[in-house]
Amino acid sequence: MGPECVSLLCVCVLLLFPSAISRPPSESDTYTECTDGYQWDPQTQHCKDINECETIPEACKGEMKCFNHYGGYLCLPRSASVIPAPEPPGQPDPEPYNPCPIGFESSGDSCVDIDECEKDKHDCQPSQQCFNMQGTFSCQCPDGYRKVGTECVDIDECRYRYCQHRCVNVPGSFSCQCEPGFQLAGNNRSCIDVDECRMGVPCQHRCYNTYGTFLCRCDQGYELDPDSFRCHDIDECSYSSYLCQYRCVNQPGKFACSCPEGYQLLGTRLCQDINECETGSHECADGQTCVNVHGDYQCVQDNRCQDPYVHLSNNRCVCPSSKPACQDLPYSIVHRYMSVTSERSVPADIFQIQATSVYPGAYNTFHIRSGDDDGDFYIRQINNISAMVVLARAVTGPREYELDLEMVSVNPLVSYQTRSVLRLSIHVGPHAF
């Protein structure tokens with residue numbers, strides 16, 4: 001504000017303008033304060049100049065005239081008037097006269113705040129934000145920035161370890177990320193485990209959730225593929241030849257044992273011969289006897305006696321001494337049947353001979369009369385009335401032997417000698433079971 005001249009008297013008066021507002025009112029104020037010469041206008045919400053010339057009786061005495069002025073008044077001669085003084089030549093036009101304090105502008109009889117931010121009358125840096133205030137303005141940094149000198153620089157929030165797993169700094173902010181297998185919790189900072197098993201992971205059989213990941217597992221009899229998702233069948237039969245006694249059959253997720261014809265499973269792995277003679281599954285006719293052998297059965301004639309022998313009882317033939325043809329033949333032939341497995345460990349006792357008639361003073365001897373051309377068997381005499389047939393070498397079936405086991409009985413006291421034969425039919429089965 002410059003000097004103003006009073007006309008007629010050519011008196012220069014320096015007009016001073018005190019601040020109209022000592023502090024801006026806030027929403028929490030219950031009263032307002034204005035500087036001397038001003039009063040609060042509730043309609044405009046600003047401090048309004050008081051016209052002392054109207055409110056003060058006889059503000060100027062004598063011949064003096066009262067001139068109202070912002071924040072005060074002047075007493076001048078009645079013939080005086082206030083006019084602006086002319087500017088010196090060559091000086092730029094002065095700014096329009098503003099009777100209000102700095103940061104305010106005149107609006108009628110009031111002073112209103114100037115919004116420097118809206119009118120771009122601030123000196124905030126491009127990185128700063130302008131906030132208007134009563135009579136002034138403030139330059140502040142946006143959220144996520146801090147002031148360094150006159151500039152706003154990004155705050156690296158990741159230095160403060162706000163995130164449980166990974167932190168990604170971005171201009172003015174940051175974001176938290178989780179490792180695979182986790183997801184952000186509701187606070188956007190912590191990480192919680194993801195139950196992949198409930199999200200439809202491609203496990204072919206079973207899924208087990210673990211902390212941060214999951215595991216695929218296969219049902220029994222399957223193993224996991226290298227992709228860790230799919231399962232393929234385990235061929236148990238390829239791992240060992242001892243799983244089954246006869247044959248291993250691989251099946252999806254398991255294996256099964258099978259037996260050859262004429263055998264049945266004993267438990268889950270062993271094979272047992274089926275006794276067709278007991279089960280009635282044979283086809284022997286009348287006059288025949290069913291003889292069970294390993295893996296099969298045989299039908300033999302009830303009467304196997306050949307002339308000059310006559311059928312005396314079941315499986316027993318005799319040659320009467322009254323017949324001349326019987327003179328050099330054994331007195332009796334008894335038919336017996338048995339079956340052994342292939343590759344049986346040797347030597348093995350397989351059949352015991354027992355004398356049925358014993359005479360005082362008689363001596364009995366036993367030997368193989370016929371049927372052992374390869375020497376696969378021998379006789380071990382146990383005592384005077386019994387002997388044991390021994391398998392001397394391992395034999396492989398299927399194969400049939402018919403051994404004539406002869407017992408010679410001699411009584412030197414009465415010069416008596418007799419012979420009898422046990423005709424033993426031996427069937428060697430096709431398997432070792």
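Two residues are in contact when heavy atoms of theirs lie within 4.5 Å. By that criterion, among the contacts in this predicted model between residues at least 6 apart in sequence, 35% join residues at least 24 apart.

## Overall composition

The protein holds two helices and 36 strands. Of its 433 residues, 32% are buried, and its accessible surface comes to about 27100 Å², of which carbon and sulfur atoms account for 50%.

## The nonpolar cores

In soluble globular proteins, nonpolar side chains tend to be buried together. Here the largest nonpolar core has 21 residues, and those that touch the most other members are Ile-350, Phe-351, Phe-377, Val-389, Leu-405 and Ile-426. Two or more residues of this core come from each of the elements β30, β31, β34 (386-391), β35 and β36. A second core, separate from the largest one, has seven residues, including Cys-305, Tyr-309, Cys-317 and Cys-319.

Val-389 illustrates how the largest core draws on several stretches of the chain. When neighbours within four places in sequence are left aside, Val-389 is in contact with Ala-348, Asp-349, Ile-350, Phe-351 and Ile-353, with Phe-377, Tyr-378 and Ile-379, and with Leu-403 and Leu-405.

Pro-347 belongs to the loop between β30 and β31. With neighbours within four places in sequence again left aside, Pro-347 is in contact with Tyr-378, Val-390 and Leu-391; the C-alpha atoms of Pro-347 and Val-390 are 6.5 Å apart in space, although the two residues are 43 apart in sequence. Despite these contacts, Pro-347 counts as exposed because its relative accessibility is 62%, where the class begins over 50%.

## The second largest pocket

The second largest pocket encloses about 520 Å³ of space. Its lining comprises 24 residues, and those that lie nearest the centre of the pocket are Arg-316, Ser-332, Thr-356, Met-407 and Ser-420. The elements that give two or more residues to this lining are β30 (332-340), β31 (348-354), β32 (363-370), β35 (399-411) and β36 (416-428), and β36 gives the most, with six residues. Sorted by class, the lining of this pocket has eleven nonpolar, nine polar and four charged residues.

Which residues surround Ser-332, apart from its neighbours within four places in sequence? Ser-332 is in contact with Tyr-309, Arg-316, Cys-317 and Val-318 on one stretch of sequence, and with Arg-419, Ser-420 and Val-421 on another. Two of these partners, Arg-316 and Ser-420, are themselves listed with Ser-332 among the lining residues that lie nearest the pocket centre. Ser-332 is found in strand β30 and is buried, because its relative accessible area is 4%, under the 20% limit for that class.

## Loops and backbone geometry

Several loops carry backbone features that deserve a closer look, and they are gathered in the table.

| Feature | Value | Loop |
|---|---|---|
| Asp-307 to Pro-308, cis peptide bond | omega near 15 degrees | Pro-308: between β27 (296-301) and β28 (310-313) |
| Gly-397 to Pro-398, cis peptide bond | omega about 0 degrees | Pro-398: between β34 and β35 |
| Asp-120, positive phi | about 55 degrees | between β9 (110-113) and β10 (129-133) |
| Arg-161, positive phi | near 55 degrees | between β13 (151-154) and β14 (166-170) |

Neither Asp-120 nor Arg-161 is a glycine. Asp-120 is classed as exposed because its relative accessible area is 58%, and Arg-161 is likewise exposed, with a relative accessible area of 73%.

Is Gly-103, a further loop residue, buried or exposed? Gly-103 lies in the loop between β7 (82-84) and β8 (104-107), and it counts as buried because its relative accessibility is 9%. Leaving aside neighbours within four places in sequence, Gly-103 is in contact with Val-112, Asp-113, Ile-114 and Glu-116, and also with Gly-135. Asp-115 is twelve residues from Gly-103 in sequence, and the C-alpha atoms of the two are 8.2 Å apart in space.

Methods:
Residues are numbered from 1 along each chain as its sequence is written. This is a predicted model: local features need pLDDT of at least 70, side-chain atom pairs count only at pLDDT 80 or more; totals for chains, interfaces and linings use all residues. Side-chain values use heavy atoms; hydrogens and water are left out. On a 1 Å grid over the protein atoms alone, a cavity is a set of points where a 1.4 Å probe fits but cannot get out, and a pocket is an open set with protein on both sides within 12 Å along at least five of seven lines; lining residues have an atom within 4 Å of a point. Grid points are joined across faces, edges and corners, and a volume is the space filled by probe spheres set on the points. Helices (H or I, at least four residues) and strands (E, at least two) are DSSP runs, numbered from the N terminus. Ala, Val, Leu, Ile, Met, Phe, Trp, Tyr, Cys and Pro count as nonpolar, Asp, Glu, Lys and Arg as charged, and the others, Gly among them, as polar. A nonpolar core is a set of buried Ala, Val, Leu, Ile, Met, Phe, Trp, Tyr and Cys residues joined through side-chain atoms within 4.5 Å. Buried means under 20% relative accessible area, exposed over 50%, partly exposed in between (1.4 Å probe, protein chains only). Accessible areas come from the Shrake-Rupley method with a 1.4 Å probe; for residues, only the protein chains shown count as cover.
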